[in-house]
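These exercises practise reading helix packing and loop geometry from a model. Try each task before reading its solution.

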Amino acid sequence: MSAASLLDASVLGVLGLLIGSFLNVVIHRLPKMMEMRWAAECAELQGTAPLEEAGKTPFNLMVPRSRCPHCSHQIRWFENIPVASYLVLGGKCSHCRAPISPRYPLIELVNGAFFAWCGWTWGLDGTALAWCGFAAAILTLAWIDWDTTLLPDDITLPLLWAGLCAAATRITETPLPDALWGAVAGYLSLWLVYWGFKLATGKEGMGYGDFKLFAALGAWFGWQALIPIILMASLIGAVIGIGMKVFAQLREGGYLPFGPFLALAGLTSLLFGPQSILAVIGL
């Protein structure tokens, strides 16, 4: 690794850690914001205005300030330094000493690692920044879906359009026709699976968010990548599902969200290329 590549990787790696801290906020708050929006829309349709509390603090990705869920201690800036604060605090709240989930530094580290890899691979240019944005969005979607079985349109649709725009401006190496047909084929393929399963069983096997996420992956990697990605996602999902069933860790209803496995296959494609997935599974 040259000195320039090391510097590029270090700069983007630090940026990734900082953005990873913000991703933790998005993962926690965006589903709650969606639920609040749905409640307001339902109240409007029913003709009953939602109750508004005087002086109620707005709730979005910026306010209110982050607090400990156990004692409501407001997190100070020096307690929110990615990874470092967690280690210094010993993984506990500085006020009530309640444990802090290790997922917070984990998300920061994973996002930082992907950003560093992009810097090492492409340097500090538009291509690296585009794929950094892709990795951050995919990581966020995977964790939200695992927690809530939701894949927010607020992330999947911009990710889809970003992939098409990146192809159109040649920021990525995916030709625009391949990206366009990748988005179309990605959406329609899972849409057809959804309706085939529903007509056969009367049940919904996946959500519409999975269609949009697969379409976004098609836009970023091209239609040729769809089969490797869906094969890897299905294989990983089957292995993890069987493992969780054996150890009685499945949720009520015995289901697993498919989005995290699509996301993992997408991140694998970023690191190694879609065709490497076929080689690993012997195709």
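**Exercise 1. Find which residues of helix 5 meet helix 7, and describe how the two helices are arranged.**

Solution. The model is a predicted one. Begin with the contact list. On the side of helix 5 it holds D153, T156, L157, L159, L160, A162, G163, L164 and A166. Their partners in helix 7 are G209, K212, L213, A215, A216, A219 and W220. Sorted by class, this contact has eleven nonpolar, three polar and two charged residues.

Next, take the axes. Helix 5 covers residues 153-168 and helix 7 covers residues 208-221. Their axes come within 8 Å and cross at roughly 20 degrees. Angles under 35 degrees count as roughly parallel, so helix 5 is roughly parallel to helix 7. The last step is the hand: helix 5 and helix 7 cross in a left-handed way.

**Exercise 2. Determine how helix 4 and helix 7 are oriented to each other.**

Solution. Helix 4 is made of residues 126-148. Its axis and that of helix 7 come within 13 Å, and the crossing angle is roughly 160 degrees. The cut-off for roughly antiparallel is an angle over 145 degrees, and therefore helix 4 and helix 7 are roughly antiparallel. The crossing is left-handed.

Now list the contact. Helix 4 contributes A130, W131, F134, I138, L141 and D145. Helix 7 contributes D210, L213, L217, W220 and F221. By class there are nine nonpolar, no polar and two charged residues in the contact of helix 4 with helix 7.

**Exercise 3. Check the length of helix 7 against the expected span, and decide whether the helix is mostly covered or uncovered.**

Solution. Helix 7 has 14 residues. With 1.5 Å a residue, and one less than the number of residues as the multiplier, the helix should span 20 Å. The C-alpha atoms at its ends are 20 Å apart, so the two values agree.

For the cover, count the buried residues. Of the 14 residues of helix 7, 13 are buried, and the helix is mostly covered. Just after helix 7 comes G222, with a positive phi of about 95 degrees.

**Exercise 4. Two residues that are not glycine have a positive phi: T149 and R170. Place each in the chain, and say whether each is buried, partly exposed or exposed.**

Solution. Take T149 to begin with. Its phi is about 60 degrees, and T149 sits in the loop between helix 4 and helix 5. The relative accessible area of T149 is 37%. Partly exposed covers the range between 20% and 50%, so T149 is partly exposed.

Then take R170. Its phi is also given as about 60 degrees, and R170 belongs to the loop between helix 5 and helix 6 (176-201). R170 has a relative accessible area of 75%. Exposed means over 50%, so R170 is exposed.

**Exercise 5. In the loop between helix 1 and helix 2, locate a cis peptide bond and describe the surroundings of H73.**

Solution. P64 lies in this loop. The peptide bond from V63 to P64 is cis, its omega being near 0 degrees.

H73 is also in the loop between helix 1 (3-45) and helix 2 (84-88). The relative accessibility of H73 is 14%. Since buried means under 20%, H73 counts as buried. Leaving aside neighbours within four places in sequence, the contacts of H73 are S66, R67, C68, E79, C93, S94 and H95.

How values were computed: Residues numbered from 1 in each chain as written. Predicted model: local features only at pLDDT ≥ 70, side-chain atom pairs only at ≥ 80, totals over all residues. Heavy atoms only, no water. Axes fitted to C-alpha atoms, helices over the stretch in contact; angles between N-to-C directions. Helix = DSSP H or I, 4+ residues; strand = E, 2+ residues; numbered from the N terminus. Parallel < 35°, antiparallel > 145°, perpendicular 65-115°, else oblique. Left-handed = near helix turned anticlockwise from the far one by under 90°. Contact = heavy atoms within 4.5 Å. Nonpolar A, V, L, I, M, F, W, Y, C, P; charged D, E, K, R; others polar. Buried < 20%, exposed > 50% of the residue type's maximum accessible area, 1.4 Å probe, protein only.
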